[in-house]
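Welcome! Please open the structure in your viewer, and let us walk through it together, one selection at a time.

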Amino acid sequence: MSGTAWDLTGLLQAEVEALMVGLGLPGYRGRQIFQWVQARRATSLETMTSLSRQLRAELSSRVAVSRPVVARAQRATDGTRKFLFGLHDGEEIESVLIPDEDRLTACISTQVGCPLACRFCLTGLMGMRRNLTAAEIVGEVLLLQDQLEAAERISNLVLMGMGEPLLNFPQVERALRILCDPHGANFSARRITLSTAGHGPGIKKLAESDLGVNLAVSLNATTDAVRDQLMPINKRWPIAVLLEACRAYPLPDRRRLTFEYVLLDGVNDSPDDAKRLVRLLRGIHCKINLIPFNATPDLPDRPSPRERIDLFQRVLGDARLTATIRESRGRDISAACGMLRVERERGGPAPSG
Ligand code: SAH
């Protein structure tokens, strides 16, 4: 890509239109080109056959369409597909496709690495490398869609890959607006879930943005003493402050907040924790996603035994809280957050997908 070319992947439809008008072309050309890039997933002007050859030649030095590249792909026996995508500067991120009965969910990254250093998270061990641009975030989704058969379509997006989306809010917001454009990939906000470690002001900003996406909050503990240890961000925005921001999050009809809770053996998984959780969440329209911990030798904790997870769920259920246990997907392909990348740095198992 030449240094002066505009990267169409990260531009809103209105911006592509303005760009075309600036080049002396009619605005509708902008919409056409936006459709080519975002809906038809064209990666070069040559394939945009509804534009004249002359126009394509004129534009060729002015615009480009960026995309990450597939550095590595793995397919698990349960159909989960995990990708390591390479970026223009040599950094790598993870993106996952998770097929379910009636859905096909794409789990995408928003940062290279993460500054939050949660104790149970491999991405946290990497530290923060940099934010992704909107073009890179959109590019992840388009490239994932490219990996599918013609009849398959990504139905849901979860921002639960590498990084903390609310620490990269401007680029995340831009990417989501591009992805939700009816002339583009046309995702509906109600099928998008942003997951946060609990960034207080970010939740407020998201609420004010009117994006209308679902919010998931990684709570993971019921006392500040434990949460401080697991998630250093808690020292800045402790549980009470976080839940206050959650209570203020505007939820469209019948939708609920999600609280994620990774169960760590002997750390946050006691029946008392479950009872405290019930008290903490009282009055919040929510569901709870209990996540079995994906352990690796690099992380200090161990997963809770299944009986303890079941008991935890029962205590919540008895208090009429909806709690589901997330079935661990892609176990045979290191599908936990940050695992593939760590493996690659060590020269781990060869690609199988
Ligand atoms: N920063 C955001 C999104 C990335 S983490 C957030 O914290 O929500 C996405 C989810 O994966 C979080 O709920 C987190 O608690 C969970 N997670 C991270 N490492 C995990 C592991 N080793 N096993 C199970 N879940 C993990």
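**A guided tour**

Start by selecting the whole protein. Arg255, in the loop between helix H9 (239-247) and strand E12 (257-263), will be a later stop. What you have on screen is a predicted model, with an average pLDDT of 93. At least 70 is the score of 93% of the residues.

Switch to a cartoon view, where twelve helices and 14 strands make up the protein. Turn it around: the C-alpha trace spans about 70 × 45 × 35 Å along its principal axes. The radius of gyration is 21 Å, which agrees with the value near 20 Å for a compact globule of 353 residues.

Now try a surface view. The protein exposes about 15900 Å², and carbon and sulfur atoms supply 49% of that area. Of the 353 residues, 55% count as buried. Among contacts with a separation of 6 or more, 66% join residues 24 or more positions apart.

Next, select residues 349-353. Here pLDDT stays under 50, and the model has twelve contacts beyond four places in sequence for this stretch.

Finally, select Arg255. Is Arg255 buried or exposed? Arg255 counts as buried because its relative accessibility is 12%, below the 20% cut-off.

Show side chains and look at what Arg255 reaches. Its side chain comes to 3.2 Å from the backbone oxygen of Gly212, and it also makes a polar contact of 2.9 Å with the side chain of Asn214. To complete the view, add the other residues in contact with Arg255 beyond four places in sequence, including Ala189, Arg190, Val213 and His285.

Terms used
Residues are numbered from 1 along each chain as its sequence is written. This is a predicted model: local features need pLDDT of at least 70, side-chain atom pairs count only at pLDDT 80 or more; totals for chains, interfaces and linings use all residues. Side-chain values use heavy atoms; hydrogens and water are left out. pLDDT is the predictor's confidence in each residue, from 0 to 100. Contact means heavy atoms within 4.5 Å. Helices (H or I, at least four residues) and strands (E, at least two) are DSSP runs, numbered from the N terminus. Buried means under 20% relative accessible area, exposed over 50%, partly exposed in between (1.4 Å probe, protein chains only). A polar contact is a pair of N or O atoms within 3.5 Å; within protein, one must be able to donate a hydrogen and the other to accept it, and residues adjacent in sequence count only if both atoms are side-chain atoms. The radius of gyration is taken over C-alpha atoms; the globule rule is 2.2 Å times the number of residues to the power 0.38. Accessible areas come from the Shrake-Rupley method with a 1.4 Å probe; for residues, only the protein chains shown count as cover.
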